[in-house]
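Me: Got a model open here and a few quick questions. Can we walk through the ligand site, the empty spaces and some odd residues?
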Amino acid sequence: MTLYLSRRLRFDDLFFKEYKDLFDIDPKKSLKILEIGCGPGALAEALHRWYPNAEITGIDRDTKFIEFARKNVEGVTFMEGDATKLPFEDESFDITISNTVQEHIEPSAFWGEQKRVLKSGGKCICLSARKGIRCLAECLEKTEIENSFWEAQPGFEEELERFQVCQYPMTEAEIPASMEQFGFVDVSTGYAVINLTPDDPHHSKELGEAMIEADRQCALEAVFTTHSDSYEKVIEAINQKYDKRLKLYRDGIAQWDTSVSLTMVISGFRA
Ligand SMILES: C[S@@+](CC[C@H](N)C(=O)[O-])C[C@H]1O[C@@H](n2cnc3c(N)ncnc32)[C@H](O)[C@@H]1O
(Lines give C-alpha, C1' and ligand atoms only; values in the text may rest on other atoms or scores of the structure.)
Protein backbone atom coordinates (compact mmCIF):
# COMPACT_ATOMS: atom_id res chain seq x y z
CA MET A 1 0.00 0.00 0.00
CA THR A 2 2.83 2.38 0.89
CA LEU A 3 4.61 1.85 -2.41
CA TYR A 4 1.30 2.15 -4.26
CA LEU A 5 0.40 5.46 -2.56
CA SER A 6 3.76 7.08 -3.15
CA ARG A 7 3.97 5.84 -6.74
CA ARG A 8 0.38 6.85 -7.47
CA LEU A 9 1.34 10.41 -6.54
CA ARG A 10 4.37 10.33 -8.84
CA PHE A 11 2.21 9.04 -11.68
CA ASP A 12 -0.66 11.46 -11.02
CA ASP A 13 -2.15 12.98 -14.21
CA LEU A 14 -0.76 16.33 -13.08
CA PHE A 15 2.72 14.99 -13.84
CA PHE A 16 1.93 13.30 -17.18
CA LYS A 17 3.56 16.24 -18.96
CA GLU A 18 6.87 15.17 -17.38
CA TYR A 19 6.71 11.68 -18.89
CA LYS A 20 4.78 12.28 -22.13
CA ASP A 21 7.64 13.27 -24.47
CA LEU A 22 10.10 10.88 -22.84
CA PHE A 23 7.75 7.89 -23.29
CA ASP A 24 6.80 9.06 -26.80
CA ILE A 25 3.95 6.53 -27.04
CA ASP A 26 1.18 7.12 -29.58
CA PRO A 27 -2.10 7.09 -27.57
CA LYS A 28 -4.13 6.28 -30.69
CA LYS A 29 -2.37 2.97 -31.34
CA SER A 30 -3.50 -0.32 -29.82
CA LEU A 31 -0.07 -1.31 -28.57
CA LYS A 32 0.82 -4.25 -26.35
CA ILE A 33 2.76 -2.95 -23.33
CA LEU A 34 4.48 -5.11 -20.70
CA GLU A 35 5.49 -3.64 -17.34
CA ILE A 36 8.32 -5.60 -15.71
CA GLY A 37 8.41 -5.68 -11.88
CA CYS A 38 5.11 -3.81 -11.68
CA GLY A 39 4.88 -4.06 -7.86
CA PRO A 40 1.48 -2.85 -6.62
CA GLY A 41 0.57 -1.56 -10.08
CA ALA A 42 0.65 2.26 -9.89
CA LEU A 43 2.58 2.78 -13.16
CA ALA A 44 0.46 0.20 -15.02
CA GLU A 45 -2.64 2.00 -13.74
CA ALA A 46 -1.34 5.34 -15.05
CA LEU A 47 -0.38 3.79 -18.40
CA HIS A 48 -3.96 2.50 -18.75
CA ARG A 49 -5.32 6.03 -18.15
CA TRP A 50 -2.80 7.71 -20.46
CA TYR A 51 -2.95 5.11 -23.25
CA PRO A 52 -6.50 3.69 -23.10
CA ASN A 53 -6.11 1.92 -26.48
CA ALA A 54 -3.11 -0.07 -25.29
CA GLU A 55 -3.32 -3.57 -23.85
CA ILE A 56 -1.28 -3.51 -20.65
CA THR A 57 0.20 -6.47 -18.76
CA GLY A 58 2.09 -6.15 -15.47
CA ILE A 59 4.36 -8.90 -14.16
CA ASP A 60 6.07 -9.25 -10.77
CA ARG A 61 7.51 -12.17 -8.81
CA ASP A 62 5.95 -10.96 -5.56
CA THR A 63 2.64 -12.74 -4.90
CA LYS A 64 1.36 -10.09 -2.47
CA PHE A 65 2.01 -7.21 -4.89
CA ILE A 66 0.15 -9.05 -7.65
CA GLU A 67 -2.79 -9.80 -5.33
CA PHE A 68 -2.89 -6.13 -4.32
CA ALA A 69 -2.70 -4.91 -7.93
CA ARG A 70 -5.48 -7.25 -9.08
CA LYS A 71 -7.72 -6.00 -6.28
CA ASN A 72 -6.99 -2.29 -6.69
CA VAL A 73 -6.17 -1.59 -10.33
CA GLU A 74 -8.64 -1.95 -13.18
CA GLY A 75 -8.02 -2.39 -16.89
CA VAL A 76 -4.63 -4.14 -16.58
CA THR A 77 -3.74 -7.86 -16.64
CA PHE A 78 -1.46 -8.73 -13.71
CA MET A 79 0.62 -11.90 -13.63
CA GLU A 80 3.00 -13.44 -11.15
CA GLY A 81 6.29 -14.31 -12.86
CA ASP A 82 10.03 -13.90 -13.10
CA ALA A 83 11.55 -11.15 -15.25
CA THR A 84 14.55 -13.38 -15.92
CA LYS A 85 12.29 -16.06 -17.49
CA LEU A 86 9.36 -14.12 -18.92
CA PRO A 87 6.42 -16.44 -19.64
CA PHE A 88 5.79 -14.93 -23.09
CA GLU A 89 6.55 -15.91 -26.66
CA ASP A 90 9.34 -14.17 -28.57
CA GLU A 91 8.30 -10.86 -30.20
CA SER A 92 4.97 -10.50 -28.38
CA PHE A 93 5.09 -6.85 -27.16
CA ASP A 94 5.47 -3.41 -28.74
CA ILE A 95 6.82 -1.81 -25.55
CA THR A 96 8.41 -3.04 -22.33
CA ILE A 97 8.67 -0.64 -19.39
CA SER A 98 9.90 -0.79 -15.80
CA ASN A 99 10.27 1.57 -12.85
CA THR A 100 13.06 1.11 -10.26
CA VAL A 101 13.58 -2.55 -11.20
CA GLN A 102 16.84 -2.56 -13.23
CA GLU A 103 19.00 -2.39 -10.08
CA HIS A 104 17.47 -5.65 -8.74
CA ILE A 105 18.01 -7.91 -11.76
CA GLU A 106 21.18 -9.28 -13.37
CA PRO A 107 21.67 -7.13 -16.52
CA SER A 108 21.98 -9.83 -19.21
CA ALA A 109 18.70 -11.38 -18.03
CA PHE A 110 16.96 -8.02 -17.45
CA TRP A 111 17.74 -6.61 -20.92
CA GLY A 112 17.95 -9.96 -22.71
CA GLU A 113 14.45 -11.10 -21.77
CA GLN A 114 12.93 -7.73 -22.70
CA LYS A 115 14.72 -7.86 -26.05
CA ARG A 116 13.42 -11.37 -26.66
CA VAL A 117 9.74 -10.52 -26.01
CA LEU A 118 9.86 -7.22 -27.93
CA LYS A 119 8.79 -7.16 -31.57
CA SER A 120 11.34 -5.95 -34.10
CA GLY A 121 11.43 -2.14 -33.75
CA GLY A 122 9.80 -2.40 -30.30
CA LYS A 123 10.81 -0.04 -27.53
CA CYS A 124 12.25 -0.72 -24.07
CA ILE A 125 11.69 2.08 -21.54
CA CYS A 126 13.57 1.95 -18.24
CA LEU A 127 12.69 4.36 -15.40
CA SER A 128 15.31 4.73 -12.70
CA ALA A 129 14.99 6.81 -9.52
CA ARG A 130 17.94 9.14 -9.00
CA LYS A 131 18.84 11.32 -6.01
CA GLY A 132 16.22 14.00 -5.40
CA ILE A 133 15.64 16.82 -2.95
CA ARG A 134 14.03 16.45 0.43
CA CYS A 135 13.37 19.31 2.79
CA LEU A 136 11.33 18.55 5.90
CA ALA A 137 8.88 20.82 7.72
CA GLU A 138 10.12 21.65 11.21
CA CYS A 139 7.29 19.67 12.78
CA LEU A 140 8.42 16.56 10.85
CA GLU A 141 12.01 16.54 12.11
CA LYS A 142 12.97 13.22 13.78
CA THR A 143 11.96 13.06 17.43
CA GLU A 144 14.17 11.65 20.19
CA ILE A 145 11.93 8.59 20.40
CA GLU A 146 12.51 7.92 16.70
CA ASN A 147 16.25 8.53 16.91
CA SER A 148 16.70 6.03 19.72
CA PHE A 149 14.43 3.52 17.95
CA TRP A 150 16.55 3.70 14.77
CA GLU A 151 19.84 3.57 16.65
CA ALA A 152 18.75 0.18 18.04
CA GLN A 153 18.03 -1.29 14.56
CA PRO A 154 20.43 -3.14 12.26
CA GLY A 155 22.01 -1.01 9.52
CA PHE A 156 20.45 -0.29 6.14
CA GLU A 157 23.27 -2.12 4.33
CA GLU A 158 22.53 -5.29 6.31
CA GLU A 159 18.85 -5.02 5.33
CA LEU A 160 19.71 -4.72 1.63
CA GLU A 161 21.93 -7.76 2.00
CA ARG A 162 19.24 -9.70 3.86
CA PHE A 163 16.59 -9.12 1.20
CA GLN A 164 19.09 -9.46 -1.69
CA VAL A 165 17.86 -6.24 -3.30
CA CYS A 166 19.73 -3.59 -5.23
CA GLN A 167 22.51 -5.98 -6.28
CA TYR A 168 23.09 -4.27 -9.66
CA PRO A 169 23.09 -0.48 -9.09
CA MET A 170 24.19 1.59 -12.10
CA THR A 171 25.10 5.23 -12.62
CA GLU A 172 23.36 7.60 -15.04
CA ALA A 173 26.07 6.74 -17.61
CA GLU A 174 26.07 3.00 -17.01
CA ILE A 175 22.38 2.33 -17.67
CA PRO A 176 22.28 3.57 -21.29
CA ALA A 177 25.70 1.98 -21.91
CA SER A 178 24.41 -1.34 -20.56
CA MET A 179 21.33 -1.12 -22.78
CA GLU A 180 23.59 -0.65 -25.82
CA GLN A 181 25.87 -3.46 -24.69
CA PHE A 182 22.90 -5.83 -24.72
CA GLY A 183 21.91 -4.85 -28.23
CA PHE A 184 19.40 -1.99 -28.00
CA VAL A 185 19.80 0.77 -30.58
CA ASP A 186 18.90 4.48 -30.76
CA VAL A 187 19.25 4.68 -26.98
CA SER A 188 18.25 8.03 -25.47
CA THR A 189 17.95 9.51 -21.97
CA GLY A 190 15.86 12.15 -20.22
CA TYR A 191 14.65 13.16 -16.77
CA ALA A 192 11.20 13.59 -15.21
CA VAL A 193 11.08 15.99 -12.26
CA ILE A 194 8.23 15.39 -9.84
CA ASN A 195 7.73 18.17 -7.33
CA LEU A 196 5.76 17.07 -4.28
CA THR A 197 5.26 20.27 -2.30
CA PRO A 198 1.93 20.17 -0.45
CA ASP A 199 1.74 23.96 -0.03
CA ASP A 200 2.19 24.62 -3.75
CA PRO A 201 -1.07 26.29 -4.86
CA HIS A 202 -0.95 24.40 -8.18
CA HIS A 203 -1.92 21.27 -6.26
CA SER A 204 -5.52 20.59 -5.18
CA LYS A 205 -6.25 20.28 -1.44
CA GLU A 206 -6.86 16.59 -2.03
CA LEU A 207 -3.44 16.12 -3.65
CA GLY A 208 -1.69 18.18 -0.96
CA GLU A 209 -3.19 15.99 1.77
CA ALA A 210 -2.36 12.85 -0.21
CA MET A 211 1.32 13.94 -0.25
CA ILE A 212 1.38 14.30 3.53
CA GLU A 213 -0.47 11.00 4.04
CA ALA A 214 1.80 9.08 1.63
CA ASP A 215 4.80 10.40 3.55
CA ARG A 216 3.23 9.32 6.84
CA GLN A 217 2.63 5.82 5.47
CA CYS A 218 6.27 5.59 4.35
CA ALA A 219 7.48 6.56 7.80
CA LEU A 220 5.16 4.01 9.46
CA GLU A 221 6.00 1.25 6.99
CA ALA A 222 9.73 1.76 7.62
CA VAL A 223 9.09 1.01 11.30
CA PHE A 224 6.96 -2.09 10.58
CA THR A 225 9.61 -3.60 8.32
CA THR A 226 12.16 -3.63 11.18
CA HIS A 227 10.55 -6.68 12.89
CA SER A 228 10.96 -4.83 16.18
CA ASP A 229 8.30 -5.81 18.70
CA SER A 230 8.39 -2.54 20.66
CA TYR A 231 7.28 0.05 18.21
CA GLU A 232 4.12 1.44 19.83
CA LYS A 233 5.80 4.61 21.11
CA VAL A 234 7.55 5.35 17.84
CA ILE A 235 4.33 4.84 15.88
CA GLU A 236 2.57 7.25 18.21
CA ALA A 237 5.36 9.83 17.77
CA ILE A 238 5.19 9.55 13.97
CA ASN A 239 1.42 9.87 13.93
CA GLN A 240 1.55 12.94 16.19
CA LYS A 241 4.03 14.64 13.84
CA TYR A 242 1.93 13.99 10.76
CA ASP A 243 -1.32 14.96 12.50
CA LYS A 244 0.36 18.28 13.29
CA ARG A 245 1.57 18.70 9.70
CA LEU A 246 -1.93 17.98 8.40
CA LYS A 247 -3.47 20.50 10.79
CA LEU A 248 -1.03 23.22 9.68
CA TYR A 249 -1.90 22.41 6.09
CA ARG A 250 -5.64 22.55 6.73
CA ASP A 251 -5.21 25.83 8.64
CA GLY A 252 -3.36 27.31 5.65
CA ILE A 253 -0.09 27.78 7.58
CA ALA A 254 2.44 27.03 4.82
CA GLN A 255 5.59 25.04 5.68
CA TRP A 256 6.93 24.72 2.11
CA ASP A 257 8.41 21.32 2.91
CA THR A 258 9.18 19.49 -0.29
CA SER A 259 10.14 16.18 -1.81
CA VAL A 260 11.39 16.38 -5.38
CA SER A 261 12.08 13.14 -7.16
CA LEU A 262 14.23 12.86 -10.23
CA THR A 263 13.43 9.90 -12.46
CA MET A 264 15.77 9.01 -15.28
CA VAL A 265 13.99 7.64 -18.34
CA ILE A 266 16.15 5.60 -20.72
CA SER A 267 14.72 4.31 -24.00
CA GLY A 268 16.14 1.98 -26.61
CA PHE A 269 14.82 0.01 -29.55
CA ARG A 270 15.09 -3.60 -30.60
CA ALA A 271 16.70 -3.60 -34.02
C1 LIG B 1 11.45 -1.15 -6.03
S2 LIG B 1 10.17 -2.25 -6.48
C3 LIG B 1 9.33 -1.30 -7.74
C4 LIG B 1 7.93 -1.74 -7.95
C5 LIG B 1 7.17 -0.94 -9.00
N6 LIG B 1 7.84 -0.94 -10.28
C7 LIG B 1 6.95 0.48 -8.52
O8 LIG B 1 7.59 1.39 -9.05
O9 LIG B 1 6.14 0.66 -7.61
C10 LIG B 1 11.02 -3.48 -7.41
C11 LIG B 1 10.08 -4.56 -7.91
O12 LIG B 1 10.76 -5.47 -8.75
C13 LIG B 1 10.28 -6.77 -8.48
N14 LIG B 1 11.26 -7.75 -8.93
C15 LIG B 1 12.57 -7.85 -8.54
N16 LIG B 1 13.16 -8.88 -9.16
C17 LIG B 1 12.23 -9.44 -9.98
C18 LIG B 1 12.24 -10.53 -10.90
N19 LIG B 1 13.33 -11.28 -11.10
N20 LIG B 1 11.10 -10.81 -11.55
C21 LIG B 1 9.98 -10.08 -11.37
N22 LIG B 1 9.91 -9.05 -10.52
C23 LIG B 1 11.02 -8.71 -9.84
C24 LIG B 1 10.06 -6.77 -6.99
O25 LIG B 1 9.19 -7.81 -6.59
C26 LIG B 1 9.45 -5.38 -6.79
O27 LIG B 1 8.07 -5.37 -6.93
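Reply: Sure. One term first: a pocket is an open set of grid points with protein on both sides within 12 Å along at least five of seven lines, and lining residues have an atom within 4 Å of a point. Keep in mind that this is a predicted model.

Me: OK, pockets then. Which residues lie nearest the centre of the second largest pocket?
Reply: Arg8, Leu9, Asp12, Leu207 and Ala210. They are among the 13 residues that line the second largest pocket.

Me: Which elements give two or more residues to that lining?
Reply: Helix H1 (2-10) and helix H9 (205-224). H9 gives the most, with 5 residues.

Me: What volume does the second largest pocket have?
Reply: About 300 Å³.

Me: And how does its lining split by class?
Reply: 6 nonpolar, 1 polar and 6 charged residues.

Me: Switching to closed space. How many cavities of 30 Å³ or more does a search of the whole structure find?
Reply: The search finds 1. The space in the largest cavity is about 70 Å³.

Me: What lines the largest cavity?
Reply: Arg7, Arg10, Phe11, Tyr19, Asn99, Thr100, Leu127, Ala129 and Thr263. H1 and strand E5 (118-135) are the elements that give two or more residues to this lining. By class, the lining has 4 nonpolar, 3 polar and 2 charged residues.

Me: Now the ligand. Which residues come nearest?
Reply: Arg7, Gly37, Asp60, Ala83 and Asn99, out of 19 residues around the ligand. Arg7 and Asn99 also belong to the lining of the largest cavity.

Me: What about polar contacts? Start with Gly37.
Reply: A backbone N or O atom of Gly37 is 2.7 Å from a ligand nitrogen. Ala83 has a polar backbone atom 2.8 Å from a nitrogen atom of the ligand. With Asp82, the side chain is involved: one of its N or O atoms is 2.9 Å from a ligand nitrogen.

Me: How much of the ligand does the protein bury?
Reply: The protein buries 89% of the 590 Å² that the ligand exposes when taken alone.

Me: And the class split of the shell around the ligand?
Reply: 7 nonpolar, 6 polar and 6 charged residues.

Me: On to the backbone. Which sign does phi usually have?
Reply: Most residues other than glycine have a negative phi.

Me: So what is phi at Glu91?
Reply: Positive, about 50°, and Glu91 is not a glycine. Glu91 sits in the loop between strand E3 (77-80) and strand E4 (93-99).

Me: Is Glu91 buried, exposed or partly exposed, and why?
Reply: Glu91 is partly exposed, because its relative accessible area is 42%. The partly exposed class runs between the 20% and 50% cut-offs.

Me: What about Trp256? Where is that one?
Reply: Trp256 is in the loop between helix H10 (232-250) and strand E7 (258-270). Phi of Trp256 is near 55°, again a positive value in a residue other than glycine.

Me: Last one: Met179. Buried or exposed, and why?
Reply: Met179 counts as buried because its relative accessibility is 0%. The cut-off for buried is under 20%.

Me: Where is Met179 found, and how far is Gly112 from it?
Reply: Met179 is in helix H8 (residues 174-181). The C-alpha atoms of Met179 and Gly112 are separated by 9.5 Å, and the two residues are 67 apart along the chain.

Technical notes: Residues numbered from 1 in each chain as written. Predicted model: local features only at pLDDT ≥ 70, side-chain atom pairs only at ≥ 80, totals over all residues. Heavy atoms only, no water. Near = heavy atom within 4 Å. Polar contact = N/O pair within 3.5 Å; in protein donor to acceptor, adjacent residues only side chain to side chain. Areas by Shrake-Rupley, 256 points an atom, 1.4 Å probe, with all protein chains shown as cover. Nonpolar A, V, L, I, M, F, W, Y, C, P; charged D, E, K, R; others polar. 1 Å grid on protein atoms, 1.4 Å probe; cavity = no way out; pocket = protein on both sides within 12 Å on 5 of 7 lines; lining within 4 Å. Points joined across faces, edges and corners; volume = space filled by probe spheres on them. Helix = DSSP H or I, 4+ residues; strand = E, 2+ residues; numbered from the N terminus. Buried < 20%, exposed > 50% of the residue type's maximum accessible area, 1.4 Å probe, protein only.
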